[in-house]
Amino acid sequence: MAIHRIVRAGHPVLSRPADPIEDPHAPEILRLIEDMIETMHEATGVGLAAPQIAVPLRLVVFYVPERRVTNDPEDTVSDIIALANPEIAFLGHEAEPGWEGCLSLPGLRGLVSRPRRITYRGIDPRSGPVERTVAGFHARVVQHECDHLDGILYPARMNDLGTLGYVEEVLAAQTATA
Ligand code: NI
């Protein structure tokens, strides 16, 4: 296993669509997943997309820790999931705002409105097909990571760029008003 350098906004691999994975069960894909998981943990993130380590393939890893889930019964805790060639179906028209950060935009946070409830599908090369209907933070992290596969970073999803800020300032402001 190896920890990779995470590329930051401005690197061209982050702004172009990633390529489908022809054989999700190929040994090099399994190795790539192990590297992505190690790199994600090292950077203390909850998700990572292959383009973030400059690999232009449709592959993401993520997990949903207890501390991040909302009260929504469909916002479920999850161990690490790897998804090759993921697809998302949006359920209903409800959207909700939430703070997001990204390992490719270190130190920043922004308020992003996203569909609340989704079904996602893909192949976890370590186990098999995955299909889940989720909401809340779980739905948000999946959408954020899959956006990377289409060359989209979260500021492009923000309705109000005025909420983009450095995490220390955003947290200090929230504490001051809480
Ligand atoms: Ni990201």
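Which residue in β3 does Val-60 stand opposite? In this predicted model, Val-60 faces Leu-83. That pair is a good way into the strands. From there we move to a helix and a metal site.

## Strands β1, β2 and β3

Strand β2 covers residues 59-64. It is mostly covered, with six of its six residues buried. Its side chains point two ways. Leu-59, Val-61 and Tyr-63 point one way, while Val-60, Phe-62 and Val-64 point the other way. Residues on both sides are buried.

β2 has a partner in β1, which spans residues 47-49. The two strands pair in the antiparallel sense over three bridges. One match is Leu-48 with Val-61 in β2. β2 also pairs with β3, residues 78-90. Five bridges join β2 and β3, and these strands run antiparallel. Val-60 and Leu-83 stand opposite each other here. As a general rule, strands of a sheet pair through backbone hydrogen bonds, either parallel or antiparallel.

## The sheet β4-β5-β8

Three strands make an open sheet in the order β4-β5-β8, with antiparallel pairing. Its edge strands are β4 (95-100) and β8 (165-166), and each pairs on one side only. Strand β5 takes in residues 108-115. Two bridges connect β5 with β8 in the antiparallel sense. Arg-109 stands opposite Gly-165 in β8.

## Helix α2

Helix α2 lies across β4 and β5. It runs at about 70° to β4. The helix has 13 residues and reaches 19 Å from its first C-alpha to its last. That is close to the 18 Å expected at 1.5 Å a residue. α2 is mostly covered: 13 of its 13 residues are buried.

Gln-143 belongs to this helix, which holds residues 136-148. Beyond its sequence neighbours up to four places away, Gln-143 touches Ile-88, Phe-90, Arg-114, Pro-115 and Ile-118.

His-138 is also in α2. Leaving aside neighbours within four places in sequence, His-138 is in contact with several residues, among them Phe-62, Val-64, Tyr-120 and Arg-132. Its contacts also include Asp-75, Thr-76 and Ser-78. The C-alpha atoms of His-138 and Glu-74 are separated by 8.4 Å, although the two are 64 residues apart along the chain.

## The nickel site

Which atoms coordinate the nickel ion? The donors are Cys-102 (SG), His-144 (NE2) and His-148 (NE2), at 2.1 to 2.3 Å. Along the chain, these donors follow the spacing C-x41-H-x3-H. Cys-102 and His-144 link distant parts of the chain, being 42 residues apart. Cys-102 sits in the loop between β4 and β5, and His-144 sits in helix α2. In general, an α-helix has 3.6 residues a turn, so residues three or four places apart point the same way.

## Buried or exposed?

The table lists relative accessible area for four residues.

| Residue | Relative accessible area | State |
|---|---|---|
| Cys-102 | 10% | buried |
| His-138 | 0% | buried |
| Gln-143 | 4% | buried |
| His-144 | 7% | buried |

Why does Cys-102 count as buried? Its relative accessible area is 10%, and buried means under 20%. His-144 has 7% relative accessibility, so His-144 counts as buried by that cut-off too. His-138 is at 0%, and therefore it is buried.

Notes: Residues numbered from 1 in each chain as written. Predicted model: local features only at pLDDT ≥ 70, side-chain atom pairs only at ≥ 80, totals over all residues. Heavy atoms only, no water. Helix = DSSP H or I, 4+ residues; strand = E, 2+ residues; numbered from the N terminus. Buried < 20%, exposed > 50% of the residue type's maximum accessible area, 1.4 Å probe, protein only. Contact = heavy atoms within 4.5 Å. Pairing = 2+ DSSP bridges. Axes fitted to C-alpha atoms, helices over the stretch in contact; angles between N-to-C directions. Expected span 1.5 Å × (residues − 1). Donors = N, O, S within 2.8 Å, 3.2 Å for Na, K, Ca; no water.
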